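The following exercises concern cores, aromatic pairs and sheets. Please work through each task with the sequence and the model at hand before reading its solution.

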Amino acid sequence: MKIGIDFGTSFSLPAIFYLGTQKMLLPAGKYGIPSVFYYDSWDGVVIGEEAEDLGQGENACNLRREIKLDLNSSFNANGRTFTAKEIVGYILKYVKDIALSSASENLITEPIDGVVLSVPANFSHNEKQIIKEAAEIPEQNGGPGLRVLGLIKEPVAAALSYFEEPLSDGTRILVYDLGGGTCDVAIVEANSSLVEKYDVKATETVRRGGKDWDAALQDFIRDELEKLTGKRIAGNISYEEKIKRASINVKHRLTDSERARAKVEIDGRVYQVPITREKFEGLTRHLLDETLNMTKRLLQGGYGNVDKIVCVGGSSNMPQIKTGLEKAFPNSEVQVYRPESAIAFGAAIYAQNCSNRSFVQDVAAFSYGTDFYLSGTDIQKFGNVILKGQKLPVTEERGFATRTDNSTCINFDIYESTITDRDYPYDPSKKPVVEMALELPPGYPKGTDLYLKLTLNTDGLLEATARDLNGHTVTVCK
């Protein structure tokens, strides 16, 4: 069987599109699998709810949340260091095991022979590569050993799930996906008469999600507790973990109630901090506005009108989200659609169809190019080869001249940006996503053209090739 996995900042969910039906592969009554990692020398690696239970009090330092938002860091726990890729691998292995167990309970006994993973709309090449490689870590090395069929942007996956409902051809929606760590928006059109049944017009992301709403509550509750207790609480990892848990609980309760109390135990005494929904929405208004402004920019980008705004992602359950969108876009219908499950279902649908690479026509989330010097000057610039918004897959080639005589090695550093200009100012602080060097025979004169060819595949992953006119080449595919 082929499955889809919504690898979320807070929760992960596996799903299958089986016999024409979207089905979640979770134990009965479970909302999702916490994307939480814990390690100590006694219990070893623990994932999910049990990890949350173990990571309390002084053990909070062994708990790692939200790894998806910091894939370039490592984590030290109880004398052992884990890379982000290892942690993601452990989480995905646990998700795979849960999926297989749930499938068996539903009399589905096939092994998992492929998976599609959802990623935020603006995940970089390196971030997507880490997620993909983590899923492919062999089982004998403690990994999930999954065969990755493809990657799909989270709001695009949600659109696939939504379009499985009976809709007329030509329907165009804007998906507003507020998850645990990011807010992604995408304009997607469905038309069965086209070669590409689902056409992605544009996507954008702001790195704001439910964790930021939690953090705003956490700051408020911490300040109130310091007033109540007379203690300095900030920076105490044990206290902070308790407050974080209380913040998440209060946020969920304020979804259905106008008021709630945060209950936090400090040194044997339980303190209560009351908070109203109005207060909570005031504390987080700036976060909502940031996502609404991004949505406005996308809708004003010349992609035409949308028939509906569809809200997904667990954080879209907060009443302020639908209300805020309705006020910001009074001429558009706003619908909250399967907030927790739409992305996983869409990934499962894509898993069944991604061998047909024209099933979804996506666009490049970034521009890619290299640095070069303007001819006859010492002025360094960035030059794009692939531009953000181009339809995927895309291959482009551009020539760049050598700067000195008798060059024997030319470095091509590939840079990622949201800039759509052909050339733009050089920034020495910017780090490349791919580094490669083209070795040349001696005697190349200054100004000789060398060519950089870049390919962005349907997953948004980059391949790079550099060549000279004599057939010398170097290729990087990461």
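**Exercise 1. Nonpolar cores**

Task: Determine how many residues the largest nonpolar core has and which of them have the most contacts inside it.

Solution. Begin with the terms. A nonpolar core is a set of buried Ala, Val, Leu, Ile, Met, Phe, Trp, Tyr and Cys residues joined through side-chain atoms within 4.5 Å. Buried means under 20% relative accessible area, exposed over 50%, and partly exposed in between, with a 1.4 Å probe and protein chains only. The model is predicted: local features need pLDDT of at least 70 and side-chain atom pairs pLDDT 80 or more, whereas totals for chains, interfaces and linings use all residues. Residues are numbered from 1 along each chain as its sequence is written, and side-chain values use heavy atoms, leaving out hydrogens and water.

Next, apply the criterion. The largest core has 45 residues, and Ile3, Ile5, Phe7, Val88 and Leu117 have the most contacts inside it. Helix H2 gives the largest share of this core, 9 residues; helices (H or I, at least four residues) and strands (E, at least two) are DSSP runs, numbered from the N terminus.

Then take Phe7 as a worked case. Contact means heavy atoms within 4.5 Å. Beyond its neighbours within four places in sequence, Phe7 is in contact with residues including Ser35, Ile67, Val88, Leu92, Ile131 and Glu154.

Finally, a second, separate core has 40 residues, among them Tyr239, Ile266, Leu288 and Met318.

**Exercise 2. Aromatic pairs and charges over rings**

Task: Establish which parts the pair of Phe37 and Tyr90 ties together, and where the charged end of Arg80 sits.

Solution. Rings of Phe, Tyr and Trp (its six-membered ring) pair if their centres lie within 6.5 Å; planes under 30 degrees apart count as stacked, over 60 as edge-to-face and the rest as tilted. A search of the whole structure finds 14 aromatic pairs. For Phe37 and Tyr90, the centres are 6.0 Å apart and the planes 40° apart, a tilted pair. Phe37 belongs to strand E5 (residues 37-40) and Tyr90 to helix H2 (residues 84-105), so the pair links parts 53 residues apart in sequence. Phe37 is buried at 0% relative accessible area, whereas Tyr90 is partly exposed at 22%.

For contrast in the classification, Tyr162 and Phe163 form an edge-to-face pair, with 6.0 Å between centres and 65° between planes. Both of these residues, Tyr162 and Phe163, are buried.

Now extend the view from pairs to a cluster: Phe37, Tyr39, Phe75, Phe82 and Tyr90 form one aromatic cluster. A charge sits over a ring if NZ of Lys or CZ of Arg is within 6 Å of the ring centre and within 35 degrees of the ring normal. The charged end of Arg80 sits over the ring of Tyr39, 5.3 Å from its centre. Likewise, the charged end of Arg398 lies over the ring of Phe372 at 5.4 Å from the centre.

**Exercise 3. The mixed sheet**

Task: Give the strand order of the sheet of 6 strands, and state what Val334 touches.

Solution. Two strands pair if DSSP finds at least two bridges between them. The order is E18-E17-E12-E13-E14-E19, an open sheet with mixed pairing. Its edge strands are E18 (334-336) and E19 (360-361), each pairing on one side only. Strand E14 (residues 198-206) pairs with E19 in the parallel sense over 2 bridges, and Asp199 has Gln361 of E19 as its bridge partner.

Turn then to Val334, which is found in E18 and is buried at 7% relative accessible area. Excluding residues up to four places away in sequence, Val334 touches Ile309, Cys311, Lys322, Leu325 and Glu326.

**Exercise 4. The antiparallel sheet**

Task: Identify the strands at the edges of the sheet of 5 strands, and describe how E20 pairs with E21.

Solution. The open sheet runs E24-E21-E20-E23-E25 with antiparallel pairing. Strands E24 (423-425) and E25 (434-444) stand at the edges with a single partner each, so one side of each has no neighbour in the sheet.

For strand E20 (residues 367-373), 5 of the 7 residues are buried, so the strand is largely enclosed by the rest of the structure. E20 pairs with E21 (residues 380-386) in the antiparallel sense over 6 bridges, with Thr370 opposite Gly383. Their hairpin has 6 residues between the strands, and in it Gly376 takes a positive phi near 75°.
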